[in-house]
Amino acid sequence: MNNSGLIEILKTFTKSDLKEFDKFLKSRFLGTDNIIYKLYKALAKRHPDFKKEKIGTEEIFKNIYNGKAINASLMRKNISILQKCIDEYFLQISSEKLTRLKNICLLEEYRVRNLNKQYNLKYKEIKSKFFDNQKVESEIFYSLMNFEIETASSLILVNKREQADFAIKREYEFFMYMLFDKIENHSSQKVIYSQMNKKFSTIIDKAFLPNFNYDGFINSLEKDETEYGFLLKIFYYSYKCYQDIGNIHNYRILKKLIFDNYTKLDDYYKHAFLLRLASLTSPFVDKPEYSTDRNFYLKAIIQNKHYKLHFNYLQVPVFLESFYACIRVDDKEFAKELLERHINEVNENFRENLYNFCMCGYLIHLKKYKEALSYNVKVKKEFFQYKKMLQIYLFDIYYALNYYDNALSALQALKYFVASEEKLEENVKKLFYEYCYFAKKLLEIKTNSYTEKEMKTKAKDLLNELNANKEVTKRNSLVEKLNEIINSKK
């Protein structure tokens, strides 16, 4: 009995399985006064351990036959019948799942065709019929999203299974794990598109599980029972952060979740989550907490070479964003490390141009303006990502060297480039137009024949106007120059 295949099957039963199979047998045998049902109940009492001393065939036989002497042949027959009942139960479960899956496939067809009205009607019908509570609602939730999961995501999960030595995992964890990643990516793209003033309205916004209780699902996760519970929470709070950009409370929860579980993550997920945190800081780089965090995240990716799992080389955008981040928080040590060491990890086709561009910005930060100018002229201007910043760098250099006519020419060149560049969205152009406006006003203060008192008054007025305007690129540079005028002592 102890080596019976029946015991191996019953060991896989959850508490929910035991209850549902109990109901199945009662229905199958029209009640509980049946030997097969009694055999099951005797075994179920010993679930999940099935200790050897408790499952002697003789003991079980006497239990279900009211103390009669054991009949081995009859016992084998009963075990065989119970196993067939389990087969019937499994077929019933599979049939129910198949019916639900067919309806989910039907629902998915409405979703992918953007038939919002029909989708909503069909969703309500299917949910009321097959998914009547929070637990099973989760099933329709991740089943739908499973249709959208890319091959790469599936392969990642396969790899995670292998790394975990095929430990037993509940399937819904994987689906939900992928699900929140998909939602996060969708939300992230939505934010990016909205920043570029593009419409990004999808059926997910309008109709996808409108009544799903996200909080209820997350709160139901128990860390000791759910191996990837912390990952689901990370994805969930990532989703919440993108839904409410700038919510510092959600951002701090997400950051804590990631770093509390950092040692459990492999390099793939360290890279992914650090980039995720960095992206959340993007709109708030002028705020100290966000700017300090951003520098830390990007520095960690580069110093630990987390990008190596994805790319042969350190990507130019990551290098640039890290450079801007360390300059913003005056991390001169890492800026120097980037330029002396990590620049060699960039593809050699882009290395020289990137080095010259960043050296120009680095030397401006060190207030070595003439040396910065020598690097500025070396940058090949055909690279789109450098054109705007090169003109701003030129303005900074000429302004610091009191070459005000040259500084004005740099502003005019910047404005012309922004106006003629079709790739730039209107709201992005506005950021640079506003920069040109304030920078030109700054030049007027410096070049007009004002008294010291008048200059300071004009600078204060312009600073107040600048602080009231949220849509200005390189704001800190302008603020610094205005404060120099206001605080100057002659």
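1. A crossing of two helices is called left-handed if the near helix is turned anticlockwise from the far one by less than a right angle, and right-handed if the turn is clockwise. In this predicted model, the crossing of α15 and α17 is left-handed. The two axes come within 12 Å and cross at roughly 35°. On the α15 side the contact involves Lys299, Ile302 and Gln303, which meet Phe334, Glu337 and Leu338 of α17. Sorted by class, the residues of this contact of α15 with α17 are three nonpolar, one polar and two charged.

2. As to the chain overall, the secondary structure comes to 24 helices and zero strands. Of its 490 residues, 45% count as buried. Among contacts with a separation of 6 or more, 64% are between residues 24 or more positions apart.

3. Helix α17 deserves a further remark. Running over residues 332-340, α17 has as its buried residues Phe334, Ala335, Glu337, Leu338 and Leu339, and what covers them includes α15 (288-303), α16 (316-328) and α18 (348-365). Three of the names in that buried set, Phe334, Glu337 and Leu338, are also those by which α17 meets α15. In general, an α-helix has 3.6 residues a turn, so residues three or four places apart point the same way.

4. The loop between α16 and α17 holds aspartate 330, whose phi is positive, at about 60°, although this residue is not a glycine. As background, most residues other than glycine have a negative phi. Aspartate 330 counts as partly exposed because its relative accessibility is 39%, a value that falls between the limits of 20% for buried and 50% for exposed.

5. A second positive phi is found at lysine 367, where the angle is about 65° although the residue is not a glycine. Lysine 367 belongs to the loop between α18 and α19, and at 47% relative accessibility it counts as partly exposed. Lysine 368 lies in the loop between α18 and α19 (369-376) as well, and with a relative accessibility of 41% lysine 368 is likewise partly exposed. Although lysine 368 and isoleucine 397 are 29 residues apart in sequence, their C-alpha atoms are 8.8 Å apart in space.

6. A second helix pair is formed by α22 (residues 426-447) and α24 (residues 475-486), whose axes come within 11 Å and cross at roughly 20°. That angle makes α22 roughly parallel to α24, because angles under 35 degrees count as roughly parallel. The crossing of α22 and α24 is left-handed. From α22, the residues Tyr435, Phe438, Ala439, Leu442, Ile445 and Lys446 meet Leu478, Lys481, Leu482 and Ile485 of α24. By class, this contact of α22 with α24 has eight nonpolar residues, no polar ones and two charged ones.

7. Tyrosine 433 also sits in helix α22, and at 27% relative accessibility it counts as partly exposed. Once residues up to four places away in sequence are set aside, tyrosine 433 touches Lys415, Val418 and Ala419. Tyrosine 433 and threonine 473 are 40 residues apart in sequence, yet their C-alpha atoms are 8.9 Å apart in space.

8. What becomes of the cysteines, and how many disulfides does a search of the whole structure find? The search finds zero disulfides. Cysteine 326 is in no disulfide, and the nearest cysteine sulfur, that of cysteine 358, is 8.7 Å away, whereas a disulfide would need the two sulfur atoms within 2.5 Å. Cysteine 326 is buried, with a relative accessible area of 0%, and cysteine 436, at 6%, counts as buried too.

9. Two charged residues in helices may be worth a look, since each falls under the 20% limit for buried. Aspartate 22, found in helix α2 (residues 15-28), counts as buried at 9% relative accessibility; leaving aside neighbours within four places in sequence, aspartate 22 is in contact with Tyr37, Tyr40 and Lys41. Lysine 270, found in helix α14 (residues 267-281), is buried with a relative accessible area of 16%; with neighbours within four places again left aside, lysine 270 is in contact with Tyr262, Leu265 and His306.

Definitions and conventions:
Residues numbered from 1 in each chain as written. Predicted model: local features only at pLDDT ≥ 70, side-chain atom pairs only at ≥ 80, totals over all residues. Heavy atoms only, no water. Axes fitted to C-alpha atoms, helices over the stretch in contact; angles between N-to-C directions. Helix = DSSP H or I, 4+ residues; strand = E, 2+ residues; numbered from the N terminus. Parallel < 35°, antiparallel > 145°, perpendicular 65-115°, else oblique. Contact = heavy atoms within 4.5 Å. Nonpolar A, V, L, I, M, F, W, Y, C, P; charged D, E, K, R; others polar. Buried < 20%, exposed > 50% of the residue type's maximum accessible area, 1.4 Å probe, protein only.
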